Amino acid sequence: MVGNQRIRAREPIHSTLRTTFRSGVTKPISWRRQQLLQLARLLQDNVELFAEALSVDLGRPKQEVYLIEVGGSIQHCLLNAEKLSEWTKDHEVEVPDYQKSWKARYHHSPKGVVLIIVPWNYPVILSIQSLSSAIAAGCCAAVKPSELSPHFSTLFAELLPKYLDPAAYSVIQGAIPEMTKVLELKWDHICYTGNGRVARIIAAAAAKHLTPLTLELGGKSPVIIDPATNIALAAKRIMWGKVNNSGQTCVAPDYVLTVSSAVPALVEAFKRQICALFPQGALDPASTYGRLISEAHAERLKSLLNRTKGTVVIGGRSEGANGTGKHAMEPTVVIDVKDCDSLLEEELFGPILPIISVESISEAIEFINSRDHPLALYVFTDNEEIKQEVINKTTSGGVTFNDTFQQVSVTALPFGGVGESGYGRQSMIHGFEDFSYKKGVVDIPKDAESFFARRYPPYTAESLDF
Ligand code: NAD
């Protein structure tokens, strides 16, 4: 609890956090480290409860919850705790000789009271990644999980105060009406993960207080396949990234660009891979295939598929809830997709994979450059020239060669988008820096006075004599 400060029980969360931040309790490195370790412990002690909550909310298999959500989150907390002393050190700056004695440096100061708004698709890791960065930075934080993952939100709201200081870190629950009120408050930083439409609402609300933002958005992440690559391995790795969470992943491969001669072999390889992943069929109740988040989302995907002018060569069948609460669509591959197709209108965020034929890698690059900047860009090739060409000629949050989705496990890399896929960076030092600001500090000695003689009026002819 906050030293001598008394927090009234019913004081609204925002002012409680503000009072705590002003008390300075969140700033000592030892305190930040202890809270980070507590957050790791929260996850470790309750892994089964998180698995159950995500099974009900999202139909997520336990293995995915352990590996991607809880395992990755614990790693974030522990690495933040380990690196904290290094990141918070003062950084001396280079100065000319006459300023050498001024001790000019900067250090990372916490921005203050931050709001972290999280979507439903990876609720654990997206909450913990940002919260652990905020703690590392020395901020107070309110986390707002999605109303579309209610079991996770309720569980997280119950557990957080048992492990972390509730006067410094809190969970806000609710939907649009509650959020509209929350956004009227002055926050010192807002980190929003979600879609571009809501991001604009958040940005407009933040602008009223000049609140800085991190926007972690999505978009259409393309895959380029060099026909000379190992097509079977490419298909295996692309399909894994696509079916995980039924394609409801911000970095899921959205569409494939390759030359037409490679398409038949690619389709065959996708077929084999889907059979290997779901031998009894993805829609079989016993399969470990996740479900679509809502009826509205399932209907949106069906409508996009119904309107395509391409040819469905794999999958295409959907399953309504039928009292099971599970909306699902088979892993679906569509070929002969042209530039203005329904499947290229918006981020698919589902298990549909369109394949677009191009004449060359250069044409694939042009295609990508004619659209919004993606969050992730995937290239399957062994050719170093192609790799360099893609890095140099495209704009995207990141580029991954020869796999999909796995780049997020490289926690030292900055994670984030550019343009329509967002701005700001998360993960490790990059997240720490997003929740901090660089405070310039300089200590000008008294004996610098002789050097300043010419700065004081009245000016004389000698003042100009350099
Ligand atoms: P969502 O519907 O769960 O919304 C995200 C958050 O925004 C929720 O907490 C919700 O309560 C809040 N929200 C919704 N409407 C609001 C409003 N009018 N005012 C204030 N807050 C509001 O999630 P979603 O947007 O459907 O998530 C999917 C999107 O998120 C996809 O585009 C995906 O690519 C993107 N995403 C990006 C990342 C990333 O790290 N870049 C990660 C996951 C998802």
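Two residues count as in contact here if their C-beta atoms, placed from the backbone, lie within 7 Å. Keep in mind that this is a predicted model: local features need pLDDT of at least 70 and side-chain atom pairs count only at pLDDT 80 or more, while totals for chains, interfaces and linings use all residues. Numbering starts from 1 along each chain as its sequence is written.

**Stop one: the two domains.** Select 10-218 plus 426-437 for domain 1, then 222-371 plus 376-414 for domain 2; these bounds come from an automatic or database domain assignment. Their C-alpha centres sit 31 Å apart.

**Stop two: where they touch.** Here 15 residues of domain 1 are in contact with 17 residues of domain 2. On the domain 1 side, pick out α4 (62-87) and α14 (428-434), each of which supplies at least two residues. The largest share, 4 residues, comes from α4. (Helices are DSSP runs of H or I, at least four residues, numbered from the N terminus.) Colour that side by class and you get 6 nonpolar, 7 polar and 2 charged residues; Asp, Glu, Lys and Arg count as charged, and Gly goes with the polar ones.

**Stop three: the ligand.** Which residues come nearest to the ligand? Try Pro119, Ser146, Gly194, Gly218 and Cys250, out of 28 residues around it. A residue is near a molecule if its C-beta atom, placed from the backbone, lies within 6 Å of it. Now select α7 (176-182) and α8 (196-208), the elements that give two or more residues to this shell. Domain 1 and domain 2 each contribute at least three residues to the shell. By class, the shell has 16 nonpolar, 8 polar and 4 charged residues.
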